[in-house]
Structure formats: structure tokens, C-alpha cells
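User: I would like a close look at one part of this protein. Please take the open sheet and tell me how its strands are arranged and what lies across them. Then move on to the helices and loops beyond.

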Amino acid sequence: MRVEAPSGESMIEIQGVSVVYGDVTALRDVSLKIDSGEFVFLVGSTGAGKSTLLKLIYAAQRATCGRVFVLGQEITKIPERKIPNLRRMMGIVPQDYGLLPKKKVWENIAYGLRAIGHTEREAQKRIAYVMELVGMSHRGQAMPKQLSGGEAQRAAIARALANNPKLLIADEPTGNLDPDTSKDIADLLLRINHKGATVVVSTHDPNIVDSLKKRVVAMERGRIVSDTEESLYPSDLDRTRAVVRSL
């Protein structure tokens, strides 16, 4: 079968991808298209394949078969030496925040900016902007261990936004937060989307999905089982899980 290249509007296009580790199949024939400017939730239980799918997008995981296009280029077999350049065009918020423990908040944000060649003046201006955007202007001198969970997540998001990415990927950004803080983080991600970034969020938190009513892609057992616009968290995931097991 002939596989077409993605259209000009696609930010991400995954075509017939499977990921297999030995006897374990993490993704099964997954196809997904996300257009520029979209906000998409990936939902499903632990082990459904959400994190593996995100890792494909930023080239931390290789497809066993199929093709992956991101930011207008095919990255299915991207050489290792080109992966840092790819990631500099996106913002990545990992599950564990990923903050450097011995660096202050502002230094965590500055670290990436200097790595891609920003001058000191440019870096300071960008740091001030993203810290204000995430509501952390008053915590720039704090060390990561001094931050609450919500503050650490905001700092991680600020760092991901430092290079003004077209694509923001967040893996379980509210997984360890209380409901009020989770809502604040969800609203922050929505503001970032309104400023033009494509946002992809992996979550198993029904509250933030229901509050934003964006596109929801549900996964179970490594497969996409539903894809709905302006949706709530799927209420039938338990039933869907049983169906997928039988396939």
C-alpha cells in the first residue's frame, strides 16, 4: 500500500505505527493526525500506550513499523545526531518535571536557551516572559526542592516554552496534583494553545479533560479506540477495554 506524505497543515502524522519490545506490543497499527494549532488529549489507563506514542513524537522511541512525521519532516529513522535539533523545535514536559535539582528555577529555564545560542540579554528577556506567563515570576530564585508540586509543574512548563515552540507535549502534567492545582495547569495549557502552539497532553485525569472539552483520543492496549472532537473523558473506557482484549 502506498503511504502518502502529510499535508501542509499537519503538525503530527503517525501512519500505521506499531512498537514491539520482544514479546510485548506497546502500540498496534496506530494512525493519528494532529493539525497545527490543535489541542489534543491522549487518554487511557496506565499501560494503554500514551507515553509510548508521545515518545515517538519526540524521537525517544523508534517505530517497529510504520511512519512518523513531525513538524513537516519524517522522523521515523532520524539519525541520533539530528534528534537534539528536532527537540529544540518543541517543548517537552515530562512526568517527573525534569528540573535540574542544583539549579534555581530561572537557571533551569536559561539552561536550554544558552544551549541553542541565545545571548544573555535575549535569554533574560525570554525567561522573564515565560515565568510571567506561568505565574512564577516571584519564584525565579527558588530551588526545585523548595517548590510545591504545582509550582514545579509550572516551572517545567516555563522551561518547555523557553524556545517558543510550535509544539508542546505534556505527559501526565497533573498526575500528582490536587484538583484545584490541576485545573490551574489545564487552564495554563489552554492559554498556551490560544497563543498559537499545538498542544498534546497525555492524561488519565477526567476532570481536566471534562473542563476543557477539547479533542480526545482514547487508547487501550496500544490501540486508538476512539477519537472525538470537543469531548469529555470517555465514560465507556472499561467497556472498550474488554472489547480490545477480545480482538
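Analyst: What follows starts with the sheet and then moves along the chain.

This is a predicted model. Start with the sheet. Four strands form an open sheet in the order β2-β1-β4-β5. The pairing is antiparallel. In general, strands of a sheet are held to one another through backbone hydrogen bonds, in a parallel or an antiparallel sense.

Now the edges. They are β2, residues 24-35, and β5, residues 73-74. Each of these edge strands pairs on one side only. Take the β5 edge. Its partner is β4, which spans residues 65-70. β4 and β5 pair in the antiparallel sense over 2 bridges. One residue pair can be named here: F69 has E74 in β5 as its bridge partner.

Next, what lies across the sheet? The answer is helix α1, residues 50-57. This helix lies across β1, β2 and β4. β1 covers residues 10-21, and α1 runs at about 120° to β1.

Leave the sheet for helix α4, which covers residues 120-133. R121 lies in this helix. R121 counts as exposed because its relative accessibility is 74%, and the cut-off for exposed is over 50%. How far is R121 from L27? In sequence, the two are 94 residues apart. In space, they are 44 Å apart, C-alpha to C-alpha. L27 falls within the 24-35 range of edge strand β2.

Helix α5 comes next, at residues 149-161. It has 13 residues. From first C-alpha to last, α5 reaches 18 Å, close to the 18 Å expected at 1.5 Å a residue. Is α5 mostly covered or mostly open? It is mostly covered, with 11 of its 13 residues buried. The buried set includes alanines such as A152, A155, A156, A158 and A160. Charged residues are on the list as well, among them E151 and R154. G150, Q153, I157 and L161 are also buried.

Past α5, look at the loop that leads to β7, residues 167-171. N164 lies in this loop. Its phi is near 55°, a positive value in a residue other than glycine. N164 has 55% relative accessibility, so it counts as exposed.

A second loop holds another positive phi. E230 sits between β10, residues 223-228, and α8, residues 237-246. Its phi is about 45°, although E230 is not a glycine. E230 counts as exposed because its relative accessibility is 67%.

Conventions:
Residues numbered from 1 in each chain as written. Predicted model: local features only at pLDDT ≥ 70, side-chain atom pairs only at ≥ 80, totals over all residues. Heavy atoms only, no water. Buried < 20%, exposed > 50% of the residue type's maximum accessible area, 1.4 Å probe, protein only. Pairing = 2+ DSSP bridges. Contact = heavy atoms within 4.5 Å. Axes fitted to C-alpha atoms, helices over the stretch in contact; angles between N-to-C directions. Expected span 1.5 Å × (residues − 1).
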